[in-house]
Structure formats: C-alpha cells, structure tokens
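Biologist: I have a new model open and would like to learn how its features get their names. Could you go through it with me?

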Amino acid sequence: MRFPSPLSLDEIIRLIGRPVTTLGEVPGKVTGINELHSVEKGDLTFVDCNKYYKRALESKATFIIINQSDLPCPEGKVLLISEDPLTDYLNVVKSFIHFTPQNSNIHPTAEIGEGTVIQPLVFIGENVKIGKNCLIHSNVSIYADTVIGDNVVIHSNSTIGGDACYFQKRPDKWVKLESCGKTLIGNDVEIGCGCCIDKGVSGTTYIGDGTKFDNLVQVGHDTHIGKRVLLGAQSGIAGCTYIDDDCKIWAKACVNKDLYIAKNTILYALSALDKSVNQEGTTLFGVPAIDAQTKWKELIYVKNLPTLYKDVNELKQKEKGE
C-alpha cells in the first residue's frame, strides 16, 4: 500500500503508538507499507519469525519492524526493534483504512462506465471503478477500491475484494492481518456464480485480460492470475501465487500459496499442486500433482496390484509345494 504522502520515521513511530528503538539511518521517508512478498524500496514491513529474518533483511524494504535486536542492520535500512512487530505493523495499517457503513447499494464515489448494466441488488463499495460495457448480475458484492476493466461479466452471488483469510495464531486467539490492498480485474474477464476474489493484504490481487472463471472459484489475497487463464468450477488458488498466461486449472483443482506457475500449464481436475511449475506447457495431475503421463502410469500400476498380488501368492504356494 502506498501512503498518500511519504511519512517521516517519527511519524511512523507515532502511528505505532509506543516507543521503539531504531537501528540504522537513511535519509528518505517511508513511502508505503507492505508484506515481504510485495515490498519496494521505501516500504515499511515487519518480521517476527526465524524463518523470515534473512528474507526480510535482504528484501527491498527500507524500514523493518523486527523482534530481534542482535541482528546486524544492513546498510540502507532502518530496523525498528519491537516486542510485537505484527501489532505495531497493524497499528500503522489501521491508520490508513476505514470502514464506513453505506446507506445505498452503490456508493456515491463509485465510477461506472458507459454501457455498463448493474442488475438489482448489486452492492458497489467506496472508490470502486467499473469500465465500459460490463454486466454485473444480481447479488454481486464489489468491495471498496476494486478496479474492473471493460467488457467484464460477473455472475450472481460473487464477491470481489473481500478481506484476506490471513491470521496469526496467538496463545489465546487469532490475530487478523487487516487487508489494506486492492483488487484489479482486467478487460474481457468473465466470473461465474458464487466466486470469491480476495483483495491484497497489502498489495493487489490481479486478474488478467480475457481470463474466465467457472462457478464457485476461490482466489486468495495478492495472487496474480495472468491473461486468458481458465479456472474450472470449485477450483481454489491460495494467496501470493503467480499464475502466468494461458494456463488451465480444471474443476476442483487447488493450488498452494506462494507458487509460480509457468505459461500454458494445465492442471487436471481434482489435482492439488504444492510446488512451483517453471517449465512452460507442463500438464499435471494427481495429489500431489506430478507429470500427467507419469501419474496415469502409476494409476495403471495400482489397478494391476490385485492381479500382481494374486500371482505372487500363487508362486509362493508352488514353491511351498515343491
């Protein structure tokens, strides 16, 4: 998330709401706040887990809220030492997001392009922009700050731009990472009935031009889906995954978080992908998904197991008889 205007480090500490110790010094101001997966130079981020210390310190982020004071501060960065980095991060986020109840189905700030049809009972939130010649069917909910291109069709009961399902476990509760990102849908996209596309936690969830969704598709926060991608019914894409152009994700397939899927990848129905796909044109099947031809051979072997078991037992009986 970009700040409306850059903030000094002192201003950030005031938003945190409690004193913090700082290590390092840079001349610039804080220009935005983001998670590690989408940080840029000038950003503020946080880290509170051993697994991500190295990644945070080597990231593009300039300002890092961290719960370790004995780590060396890299050149060109500022470390803000905190007992609870997530809470401090969220205090800054909450200073820039707000919820205002609406008295009408379509917020006065929404921009709707020429030729676009909005069916009854559609909800359109604050600062939403919808392009030309779109068709938004009844009972669709489009949350604040969503941007939709031209010639887009969204079928009934779909929700665009809802909060991410992103929580950190504490001993007595789950702490929600408040979503301050956006949702961007390109041109010529069609979204089926009952689909859910979450906004970015701090960045943007993106759906590329010409992509088509069947019904009941779930797309997690900060995910990038490229151009002309096809997603089958009940497929699910976890957060922070990048799906390149011209991929096909068939019905009830699921894709884990933080993955990259190369162009023209095909993931067959009922498959589950847990590793990145770097080679274009790969076809995958199974749980976990592997090369489809290899998986079909495995299934044939499994199908033949009863016969093989019977043959082995017969051989054992003959050996005993001899």
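The talk below takes one sheet and then a few single residues.

Modeller: Happily! This is a predicted model, where local features need pLDDT of at least 70 and side-chain atom pairs count only at pLDDT 80 or more, while totals for chains, interfaces and linings use all residues. Residues are numbered from 1 along each chain as its sequence is written, and side-chain values use heavy atoms, with hydrogens and water left out.

Biologist: What makes strand 2 and strand 6 a pair?

Modeller: Two strands pair if DSSP finds at least two bridges between them. Strand 2 and strand 6 (residues 78-81) are joined by three bridges, so they pair, and they run antiparallel. One example is Thr22, whose bridge partner in strand 6 is Leu80. The strands themselves are DSSP runs (E, at least two residues), and helices are runs too (H or I, at least four), numbered from the N terminus.

Biologist: Why is the pairing in this sheet called mixed?

Modeller: In general, strands pair through backbone hydrogen bonds, either parallel or antiparallel. Here strand 5 is joined to strand 6 by four bridges and runs parallel to it, whereas strand 2 and strand 6 run antiparallel. Six strands form this open sheet, in the order 1-3-4-5-6-2.

Biologist: Why are strand 1 and strand 2 at the edges?

Modeller: Strand 1 (2-7) and strand 2 (21-23) each have a single partner strand, so one side of each is left without a neighbour in the sheet.

Biologist: How do you know that helix 1 packs on the sheet?

Modeller: Contact means heavy atoms within 4.5 Å. Helix 1 (residues 9-16) touches strands including strand 3 (30-33) and strand 4 (43-47), and its direction makes about 120 degrees with that of strand 1. Such angles run from 0 to 180 degrees between N-to-C directions, with axes fitted to C-alpha atoms, for helices over the stretch in contact.

Biologist: Why is Asp222 called buried?

Modeller: Buried means under 20% relative accessible area, exposed over 50%, and partly exposed in between (1.4 Å probe, protein chains only). Asp222 has 10% relative accessibility, so Asp222 counts as buried. Asp222 lies in the loop between strand 23 (218-219) and strand 24 (224-225), and its phi is near 60 degrees, a positive value in a residue other than glycine.

Biologist: What makes both faces of strand 5 covered?

Modeller: Phe63 and Ile65 on one side and Ile64 and Ile66 on the other are all buried.
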